Amino acid sequence: MVLDPTPEKVNVRRMMIYSLIPLLSIYAGWRIQKFWVLVGINLLAGFGIGLVSDTIFIPLHFVYALSFFINAVISLYAVRYFANRYNAKLNASL
């Protein structure tokens with residue numbers, strides 16, 4: 001496809017940092033070719049936290065902080081996993 005990134009290795013640590021910054025997380029997902037997977041993971045985690053907070057009385061400000069923390073941790077691990085797989089795929093094709 002025209003908008004696919006050039007196939008070169010990515011810096012995993014840099015992609016993990018990018019995943020914590022809202023606009024750069026879009027770039028990180030695009031760069032490792034897992035944008036929609038990362039969006040889906042974050043949406044499911046957000047909806048899951050929302051459902052739990054609706055069924056159990058939790059103060060709203062705590063829900064926001066908890067949601068941000070859980071989404072950040074999930075994003076970090078997902079980006080690290082997919083970036084390592086992306087680099088391994090490129091090494092295998094060389």
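The following paragraphs describe the fold, the surface and a few selected residues of a predicted model.

The chain is helical in its regular secondary structure, with 4 helices and 0 strands. Read from start to end, the elements follow the pattern α-α-α-α. The overall dimensions are a good place to begin. A compact globule of 94 residues would have a radius of gyration near 12 Å, whereas the value for this chain is 15 Å. Along the principal axes, the C-alpha atoms occupy a box of roughly 55 × 25 × 20 Å. Of the 94 residues, 27% are buried. The exposed area of the chain comes to about 6900 Å², and carbon and sulfur atoms account for 71% of that area. Contacts were also sorted by sequence separation: of those between residues at least 6 apart, 69% link residues at least 24 apart.

Helix α2 offers a convenient entry into the details. Within this helix, Ala-28, Gly-29 and Arg-31 are buried. Viewed down the axis of α2, these buried residues fall within an arc of 160 degrees, so they line one face of the helix. Pro-22 and Leu-23, on the other side of α2, are exposed. Just after α2 comes Gln-33, which has a positive phi near 60 degrees.

Two of the buried residues in α2 deserve a closer look. Gly-29 has a relative accessibility of 0% and therefore counts as buried. Once residues up to four places away in sequence are set aside, Gly-29 touches Lys-34, Phe-35 and Leu-38. Gly-29 can also be placed relative to a residue much further along: its C-alpha atom is 7.5 Å from that of Val-79, although the two residues are 50 apart along the chain.

Arg-31, the other residue of interest here, takes part in the 1 salt bridge that the structure holds. Its partner is Glu-8, and the N to O distance between the two side chains is 3.6 Å. Glu-8 belongs to the segment before α1 and Arg-31 to helix α2, so the pair ties together parts that are 23 residues apart in sequence. The two partners differ in their exposure: Glu-8 is partly exposed, with a relative accessible area of 47%, while Arg-31 counts as buried at 6% relative accessibility.

Helix α2 also contributes to the surface. Leu-3, Ile-17, Leu-20, Ile-21, Leu-24, Tyr-27 and Trp-30 form a nonpolar surface patch of about 630 Å². The largest share of this patch, 3 residues, is supplied by helix α2, which spans residues 22-31. Another member, Ile-21, sits in the loop between α1 (12-18) and α2. With a relative accessibility of 39%, Ile-21 counts as partly exposed, since the partly exposed class lies between 20% and 50%.

A final residue comes from a different helix. Ser-75 is located in helix α4, which covers residues 60-93. Its relative accessibility of 10% means that Ser-75 counts as buried. Apart from neighbours within four places in sequence, Ser-75 is in contact with Ser-19 and Asn-42.

Technical notes
Residues numbered from 1 in each chain as written. Predicted model: local features only at pLDDT ≥ 70, side-chain atom pairs only at ≥ 80, totals over all residues. Heavy atoms only, no water. Helix = DSSP H or I, 4+ residues; strand = E, 2+ residues; numbered from the N terminus. Rg over C-alpha atoms; globule rule 2.2 N^0.38 Å. Buried < 20%, exposed > 50% of the residue type's maximum accessible area, 1.4 Å probe, protein only. Contact = heavy atoms within 4.5 Å. Areas by Shrake-Rupley, 256 points an atom, 1.4 Å probe, with all protein chains shown as cover. Patch = residues over 30% accessible without salt bridge, like charges linked within 9 Å, V, L, I, M, F, W, Y side chains within 5 Å. Salt bridge = Lys/Arg side-chain N within 4 Å of Asp/Glu carboxyl O. Arc of directions from axis to C-beta.
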